[in-house]
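Let's take a walk through this structure together, from helix packing to single residues. Please have the model open so that you can follow each stop.

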Amino acid sequence: MSHPRTISSGQQPAEDDASQRPGRSDLRPEVRWVLLVTSIAVLSVALPATLLVYVPSAPRSDGWIVTLIIMVWAGVRVSLLWVSGIPRLFDYFLWVFAYIFMGIAPTAQILSGLTSTTTPGVDPGMDLPTASIVALGLVCYEVGRFLWILREGRNAREAPLKVRPVHPARTLALALAGVLIGAYFVSRVGLAGSLGSREGAQAARSAAWPDPAMRSIFYAGAIYPLLVATGGLAQLSRTARTLANRRWALGGAIVAAVLLLMIVNPVASARYTFGTVAFALAVFAGAVATPMRARVTMLAGIAGFLALFPIADVFRSENGTVSRAGFFEEYLSNPDYDAFWQIANALSYWIDGLVQPARQAMGSLLFFVPRAIWPDKPTDTGIMLAEYRGYSFDNLSAPMWAEALVNGGIIAVVIVFVALGVALRAMDTRMIPAFATGGVWAIAGAILPVYMTILMRGSLLQATGALAITIVSIALIAGRDRDASPPDYSRTSSL
C-alpha cells in the first residue's frame, strides 16, 4: 500500500476536487473526458445494443425496457466513478451490482424468455412491476445520496481530521487468534477440503460441522478476523518505529495472508467470498492509494465481474468446464442470476398479504439467537420465498429489494434505499481520506464495500453473521483517535 504524504497546515482538501489540485501527477482533464466518453460508450451504449442484437428475441413481457434503462444508467454511474479516480467504493459496488444483476441479467432473461432455472413459474405479468420496484429503489438511493451531498456542502468546514490507528498489541492478539482458528479450520476440513472443488469443500465443511449455524460461524470466524488482522499488520509494517517491528509485522501479514488464501481461494470458495478477500488484500497492498491506482482497480473490478465471475463457476464441481456458448448466453437460464426473480416472488408475497412487518429483519438482527431459544426464528428470506413458491431448491438469493418487500412492502423499499443512499455516501466520504491516512477506517474501507455485494444479493440472515464478526474484529484493534494532518493528494510515497 502507499499513503500520500501529509502537509502540516491548511484545510483538508475536498476529495471530489483532489484530482484537480495543482501540481498533482494525474491525468489531464481532457484525458479523463476521453476515458469517460469511451467508458459510457461501451457500458451504456455498445453492450446494451449488442444485447438487443444477439440475445434471442422471444420477450415474455415489456419489463426488459425498464431493466435496459437501469443497465444504461448504472453504466453511466460506474463510468463516472472509475474515471474520477476517487475510491467511493460503496457507491461503486452498488452500481456494479445493479449493472449486472438488475440490468444485464434480467434484460437478457426477459428478452429470451429463459429465466433462472431455480425460480420457475414467475408470472410474466410481474416482470414490469418488479422492474419498476428495482428502479424505484435505485431512484430512492440517489435521492438519499443527494441529500447527504447537500449536507456535506453545508458543512464544508469540518472539524480537524481524526485518525483512529490500529493498536499494535491488540492487532497481534487478533492475528494470533485468527491463525489458530484458521489452522483449526484447515485441520478439520483437510487440505482437500480447502483446495478441492467447491462442492468438495462444502461437503468437507458439512462433515466437520453438521449443524448449519455452527458451520457458518466457524467458516466466518476462520476468515474475517484473519482478514482484519492482515490489514492491521500491513499498516503496522509501515508505521512501526523500529526496523525490527516493521519486519515482524510484515512477516505476520504475509503468513496471515497465505493461511487466509488456503481457506478462501478461487477453487474451493464461493466467488463472492473469494472476491471480498482478494479485493481487500489488494486494497491493503495500496490498490486505491492514488487516483491512478484507484482508477485501474475499479476498472479491473467491473471487467472481472463481466468476464471472470462467470468463468470462476468452473470450480463448482470436479468435472467443471470453461467452455461457454457466448457472453450474453451466460446469463440465460443461469441460476446464479435469480435476484430479479426473487424480487418478483417477494412482491407477490407482499401482494398476497403475507408480510409480517419487520419479522425477517428481526431474524437478521438477532442472528446469534439459537433456535432452541427461539423455535420460530425466521429462516433466510431466500428459503422463505422458495417455500412460499413451492420450489424444491431453496438456496436462493434475496436482494435488498426483496428483503425490504417482505418486511414492509413498497414503503419499506423507499425507506431502506433512501437510508442506504445516505449511509453509503457518508461512509464513502469518511473512508476516502482514511485510504491516505491509514487507521481502522482504511481496513473497513477495504473489506466492507465489496462485502456489500453479498448483502445486496442476500439473504441478510445468511450474511449478517460474517458482517458482525468483521465489525467486532475491526473494533477490537482500534486505538485512540489522534489528530492528523490533512492528506496532500498531490504527492505520493510508500506507506
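**Helices, core and loops**

Helices α2 and α4 run roughly parallel to each other, because the angle between them, about 25 degrees, falls under the 35 degrees that sets the limit for that description. Keep in mind as you look that this is a predicted model. Helix α2 spans residues 29-54, and its axis lies 10 Å from that of α4. The two helices cross in a right-handed sense. Which residues make the contact between them? From α2 come L43, L47, L51 and L52, and from α4 come Y99, I104, T107, A108 and L111. Sorted by class, this contact has 8 nonpolar residues, 1 polar residue and no charged ones.

Now zoom out for a moment. The protein has 17 helices and 4 strands. Of its 495 residues, 54% count as buried. If you take the contacts between residues at least 6 apart in sequence, 81% of them join residues that are at least 24 apart.

Y99, which you have just met in the contact of α2 with α4, leads us to the core. The largest nonpolar core has 132 residues, and Y99 and W401 touch the most other members. Which helix gives this core its largest share? That is α4, residues 89-112, with 18 residues. As a general background, nonpolar side chains tend to be buried together in soluble globular proteins.

W401 deserves a closer look. Setting aside its neighbours within four places in sequence, W401 is in contact with F97, M102, I133, V134, G137, L138, I343, V413, F417 and M456. Two of these partners, F417 and M456, appear again at the next stop, where W401 itself also takes part.

That stop is the pair α15 and α16. Helix α15 covers residues 400-437 and helix α16 covers residues 440-457. Their axes come within 11 Å and cross at roughly 155 degrees. Are the two helices roughly parallel or roughly antiparallel? The limit for antiparallel is an angle over 145 degrees, so α15 and α16 are roughly antiparallel to each other. The crossing of α15 with α16 is left-handed. On the α15 side, the contact is made by M400, W401, F417, L420, L424, R430, M431, A434 and F435. On the α16 side, the residues are W441, A442, A444, G445, A446, M452, L455 and M456. By class, the residues of this contact divide into 15 nonpolar, 1 polar and 1 charged.

Stay on α16 and find I447, which belongs to this helix. Is I447 buried or exposed? Its relative accessibility is 1%, so I447 counts as buried. I447 and L227 are 220 residues apart along the chain, yet their C-alpha atoms are separated by 8.5 Å. L227 is also one of the contacts of I447 outside its neighbours within four places in sequence; the others are V228, T276, A280, F284 and T470.

F284 makes a handy link to the next residue, T230, since F284 is among the residues that T230 touches. T230 sits in helix α8, residues 212-239. With a relative accessible area of 4%, T230 is below the 20% limit and is therefore buried. Not counting residues up to four places away in sequence, T230 touches A253, A256, A257 and L281 along with F284.

Another residue to look at is S364, in helix α13, residues 359-365. S364 has a relative accessible area of 7%, so this serine is buried. Beyond the residues up to four places away in sequence, S364 touches L460, L461 and T464.

We finish in the loops. S333 lies in the loop between α11 (291-311) and α12 (339-351). Its phi is near 65 degrees, a positive value in a residue other than glycine. At 23% relative accessibility, S333 counts as partly exposed. A358 is found in the loop between α12 and α13. Phi of A358 is near 65 degrees, again a positive value in a residue other than glycine. A358 has a relative accessibility of 34%, which means that this alanine counts as partly exposed.

Definitions and conventions: Residues are numbered from 1 along each chain as its sequence is written. This is a predicted model: local features need pLDDT of at least 70, side-chain atom pairs count only at pLDDT 80 or more; totals for chains, interfaces and linings use all residues. Side-chain values use heavy atoms; hydrogens and water are left out. A nonpolar core is a set of buried Ala, Val, Leu, Ile, Met, Phe, Trp, Tyr and Cys residues joined through side-chain atoms within 4.5 Å. Buried means under 20% relative accessible area, exposed over 50%, partly exposed in between (1.4 Å probe, protein chains only). Contact means heavy atoms within 4.5 Å. Axes are lines fitted to C-alpha atoms, for helices over the stretch in contact, and angles run from 0 to 180 degrees between N-to-C directions. Angles under 35 degrees count as roughly parallel, over 145 as roughly antiparallel, 65 to 115 as roughly perpendicular and the rest as oblique. A crossing is left-handed if the near helix is turned anticlockwise from the far one by less than a right angle, and right-handed if clockwise. Ala, Val, Leu, Ile, Met, Phe, Trp, Tyr, Cys and Pro count as nonpolar, Asp, Glu, Lys and Arg as charged, and the others, Gly among them, as polar.
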